[in-house]
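Student: Could you take me through one part of this fold up close? I'd like to see how the strands pair and what sits against them.

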Amino acid sequence: MSIPKAELHLHIEGTLEPELAFALAERNGVTLPYASVDDLRAAQAFDDLQSFLDLYYACMAVLRTERDFEDLADAYLRRAAAQGVRHAEIFFDPQAHLSRGVGMGAVVDGLWRALSRSEETHGVSTRLIMCFLRDESAASAMETLELARPYLDRITGIGLDSAEVGHPPVKFREVYEAAAALGLRRVAHAGEEGPAAYITEALDVLGVERVDHGLRCMEDAALVERLVRERIPLTLCPLSNVRLRAVEALEEHPLPAMLDAGLMCTVNSDDPAYFGGYADDNFDAVRDHLGLGEDRLRELARNSFLASFLEDDEERRARYLAEVEAYEFPR
Ligand SMILES: [Zn+2]
């Protein structure tokens with residue numbers, strides 16, 4: 001089912017497939033703490049967000065040069081295109097690279113080499129969103145924003161990711177204010193493992209326009225009502241939620257209830273190399289396990305373009321939306 005869709009919650013570092021990790025390890029003379037591709041895949045049985053993050057940061061050690069980031073993004077865009085993705089708003093985590101001595105230039109220039117030719121090569125338009133690691137300090141986030149200044153013509157917005165509990169949105173108030181003053185769009189992970197109150201805080205204190213995950217909003221009826229009223233998009237990642245045990249099983253995912261409540265939901269892959277699937281794999285999963293019919297699937301695809309940061313190219317958005325309406329599901 002390759003319905004045209006936008007992917008709005010995708011960490012480029014989370015698209016590092018084991019095969020590419022080993023190839024880059026060899027190219028860069030880096031030793032991975034796993035004997036083989038199979039060994040690395042076997043290590044992907046996570047207990048929670050933290051156990052995933054430990055493996056995730058270990059694998060990132062192979063990303064050293066501009067060319068590595070270019071190859072990483074190019075591999076993702078090829079896979080995304082094959083899964084019906086027409087537009088991708090891609091997260092990257094500069095602090096995870098700066099801390100290893102890899103500069104902002106290698107990361108952004110490398111990603112940009114793949115992104116700037118993506119339409120021509122893969123038929124996928126792109127935006128870049130720089131995320132701050134919420135388990136790092138607010139001062140570190142501010143330094144990262146400063147380092148990104150020369151590259152802001154390529155960066156559409158900022159986000160907030162990594163370990164959520166104990167790191168409330170308010171910690172990053174100043175850096176979000178600074179980013180807003182620079183004209184950057186604002187999103188943040190909230191309400192994945194953290195409480196619904198973090199979602200409210202991300203809206204009120206950080207001024208986010210879109211909430212990444214946000215599934216725990218369902219614990220707060222007044223918040224749900226507000227999200228519906230203000231048409232705040234939520235970027236849900238069903239396969240990720242199962243792998244990181246935010247939900248016990250896919251069948252228990254709140255997505256159908258969220259759609260019934262009138263929430264503007266989208267479906268995304270988060271860290272597809274680690275969570276068992278790319279964009280369309282997530283669409284297939286919610287169709288097969290949550291019983292979502294064609295109207296709901298089309299609504300999710302439509303929402304993805306409505307929630308995307310295409311305000312500077314409404315003609316393109318209209319074209320994508322027309323593709324969604326014209327899509328015929330396979331019989
Ligand atoms: Zn995420």
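Tutor: Let's start with one pair of residues: Val211 stands opposite Leu234 in E7. Val211's side of that pairing is strand E6 (residues 210–213), which runs parallel to strand E7 (residues 233–236) over 2 bridges. Strands and helices here are DSSP runs, numbered from the N terminus, with at least two residues for a strand (E) and at least four for a helix (H or I); two strands pair if DSSP finds at least two bridges between them. Bear in mind that this is a predicted model, where local features need pLDDT of at least 70, side-chain atom pairs count only at pLDDT 80 or more, and totals for chains, interfaces and linings use all residues. Residues are numbered from 1 along each chain as its sequence is written, and side-chain values use heavy atoms, leaving out hydrogens and water.

Now zoom out: the open sheet has 8 strands in the order E1-E2-E3-E4-E5-E6-E7-E8, with parallel pairing. At its edges are strand E1 (5–11) and strand E8 (264–267), each pairing on one side only.

Next, E3. It runs parallel to E2, joined by 6 bridges, and Phe91 stands opposite its Ile129. On to E4 (residues 157–161): 5 bridges join it to E3, again parallel, and Cys131 has Gly159 as its bridge partner there. The chain gets from E3 to E4 through H8, in a right-handed β-α-β crossover (with the strands pointing away from the viewer, the path from the first strand over the helix to the second runs clockwise).

E3 is well covered too, with 9 of its 9 residues buried (under 20% relative accessible area with a 1.4 Å probe, protein chains only; over 50% is exposed, and in between is partly exposed). Ser125, Arg127, Ile129, Cys131 and Leu133 point one way, while Thr126, Leu128, Met130 and Phe132 point the other.

What about helix H6 (residues 104–115)? Its 12 residues reach 16 Å from first C-alpha to last, close to the 16 Å expected (1.5 Å times one less than the number of residues). In H6, 9 of the 12 residues are buried, among them Met104, Val107, Val108, Leu111 and Leu115. The elements covering those buried residues include helix H4 (66–82), strand E2 (85–92), strand E3 (125–133) and helix H8 (138–148), where contact means heavy atoms within 4.5 Å.
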